[in-house]
Amino acid sequence: MPKRKAAERSVDEWDAPSPFSKLLKGLKRSRRRAPTLDVLPRTPPNRQENREPEAAKKSLTRKPSTEKERIVDDSAVESDQLEEPADSDVEGDVEAAESEDDEESSGEEDSENNAETQADEAEEAAEAMAGDDNSDGEETGATATDTWEKHFGDHVSESLAFRAAAASDRRWATTTRQDKVLGAVVTITLEGEDPVAVPEATSPIERFSIKQRLHAPWGKVNAALVSPGSQPSAPFTPLQGALMGELSSYRDLLFTHLQHTSFASVRALYALHALNHVFKTRDRVIKNTARIARASSAEAAEEPAPDCRDQGYTRPKVLIVLPFKNDALEVIKHLIALSGTTQQDNKKRFFDEFGDPEGAEQDPKKPADHRATFAGNTDDCFRVGLKFSRKQLKIYSDFYSSDIILASPLGLRMALNGTSSSKKQKAKKPDSDFLSSLEMIIVDSADVLMMQNWDHVRHVLENCNKVPKDPHGCDFSRIRAYYLDGRAKNVRQTIVFSRQHAPELNALFSNLCVNTSGLTKCRIRYEGAISDVHVRGVPQIFHRVPAASAADADDARFNFFIETVLPTLRQSVVQQKHSLIFVPSYFDFVRVRNYLDEHRYDSVELCEYTATRDISRARGDFFHGNASYMLYTERFHFYRRYQIRGVRHIVFYGIPEYGEFYAEMLNNLDTTKAAELSCAVLYTRYDRLRLERVVGSNRVSRMCDGEKDAFMFT
């Protein structure tokens, strides 16, 4: 006989679950999930098992929920399930039944925790009513010293219209300073305004306006990252301190020399910054709610109600965009450790879905940066909401009740378009209202996102901070004026971390980021990946292709290749066998491949869409000389990092996005034929950023702007 949902039971019929029934339910759940626990060594112990005695004690004394609360809770659970990303498309009656059981158990678990969440919120409201909200400062308005209040307070609405107009007219002033850690720091602010002063990197944590409740958790988290088992002498490492100063100013930040060795420390830092922002926003809302409640009480009926404008249209305030699930797992671990919450709902489900997949192993022969990027779960379609209260964190919360949203560009775009990631789920209406009140966007590993699909990132940012189509139950009397004026994008902070600079990043900040507080860019000088080439005596000839504009660069490069480079290879095909053509862009790859097929070149190709069996066959044909040419894309090398055997001649159709790929490809040359090795590189003056990473900062100006069109290195 099927069980009825909570919403279908009457109030008289509702009984708290007994400890015996909960024990049976736990045994069934553990039996059903037992096969997955053996292959997930990093999965933490079940949250329900840890708190079983306490939960059983509470279940005996918990008061029955009202019918209205149960209906709202069931609808929230169903909404959470619609947002759940699917990791598998396996179908069948058994799998479907297990999926339904998991969803039902998740809903029951959320129903049990709903009372605790409400009690937690009631406790926060009571503390705020009593004046004990630990708000870390009461200053408001333009005279406040807290950069959060100075940047996001409602008082900025008065001058924001004029500042937004100046930003639209691009009336910016630029200053440059040298930093020992960040390199050349370029600060861009509105004309006539002084940049916000940032604390020194070695300043105490109080100088960065971090809430008191985050000080102790941050010390523990950072001590484990910097030097396990010891307490660092300063609250931040030199890199963290320099970045935290820029983050706390609430200017946009573009940091383009992220290293794989600093992934963990940088992610912990921006997790601290995001959580500090969420806690300040939430504490202000709770405190103002208590003020309004006191003013509306019978004892203070004669006093006018305070005008508290402290909210946006929707609750989500922070969006973190990441490439893979393994990155989201690491960030949420930091958020859990920093939040100080004693209960995390759906924690086991999250670790099961985002943990290491079965049989995942790292190849020790791969470079260190490749192992760091692809360690763990590399699924690139996910989205998850986080809801914080004082003692509880709910993972997989509905977007409209979340404080922080973590998602991949693909997963977020599917949510915006209403597309389901599973055949079992029905498509929904397109919806972007949950992005209407974002105050911080963090784009992690932008270089990896460009290897996926950068158009998804642009699409997401284009849909941020728009006036929502539906009110979603917001209180318009408490919405800040600049939200109502449609200028929320002018106070939003956008933070981008990348391993290298790119024109796409410049375009992103120029067209989609209009923070009136300005922008900070960090640049370093490059020695050049050409110095890492270990194969000596190889003539490396760089050809500068003349191009009238950036729009004409692709056509000019293609014409130069088919008229100058390719005929030379074909005329001496006997000597020029084993020629590899490295193509950075997939669009250029398709164009060159079609030309080679049309003119009957014996070639094979390796791209990111090539099947595994075709990869082995193509590599074998090229190595044994059955194919004279191999087309090879940069994205294929980024994901696979293969060592192609038998390469004697390399033609770089364009400069690689990653400078180290240039050295890796040349170091793979067949040294048994040292006299026959050669390398040709095509570039235009619009490839300046990529060329700088290959030849170094000292040579790039002469090679892009000089009179000569050809340069040779050996």
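Two people discuss the cores and the sheet of this predicted model.

Colleague: What makes the 67 residues a nonpolar core?

Modeller: A nonpolar core is a set of buried residues of nonpolar kinds, joined through side-chain atoms within 4.5 Å. The largest such set here has 67 residues. Ile404 and Leu406 have the most contacts inside it. Helix α10, residues 263–295, gives the largest share of this core, 11 residues.

Colleague: Which residues is Ile404 in contact with, leaving aside its neighbours within four places in sequence?

Modeller: Contact means heavy atoms within 4.5 Å. On that basis Ile404 is in contact with Leu275, Val278, Val318, Ile320, Leu335, Val384, Gly385, Leu386 and Phe388.

Colleague: Which residues does the second core include?

Modeller: Met630, Cys679, Tyr683 and Val695 are among its 38 residues. This core is separate.

Colleague: Now the sheet. Why are β1 and β5 said to stand at the edges?

Modeller: Each has a single partner strand, so one side of each is left without a neighbour in the sheet. The order is β1-β2-β11-β3-β10-β9-β4-β8-β6-β7-β5, an open sheet of 11 strands with mixed pairing. From one strand to the next, the twist averages 15°.

Colleague: How do you know that β5 and β7 pair?

Modeller: Pairing needs at least two bridges. β5 and β7 (residues 392–395) have three, in the parallel sense. Gln343 stands opposite Gln392 in β7.

Colleague: What does helix α18 touch in the sheet?

Modeller: Helix α18, residues 503–512, packs on the sheet and touches β3, β10 and β11. Its direction makes about 175° with that of β3. Angles run from 0 to 180 degrees between N-to-C directions, so a value of about 175° means that α18 and β3 run in nearly opposite directions.

Terms used
Residues numbered from 1 in each chain as written. Predicted model: local features only at pLDDT ≥ 70, side-chain atom pairs only at ≥ 80, totals over all residues. Heavy atoms only, no water. Buried < 20%, exposed > 50% of the residue type's maximum accessible area, 1.4 Å probe, protein only. Helix = DSSP H or I, 4+ residues; strand = E, 2+ residues; numbered from the N terminus.
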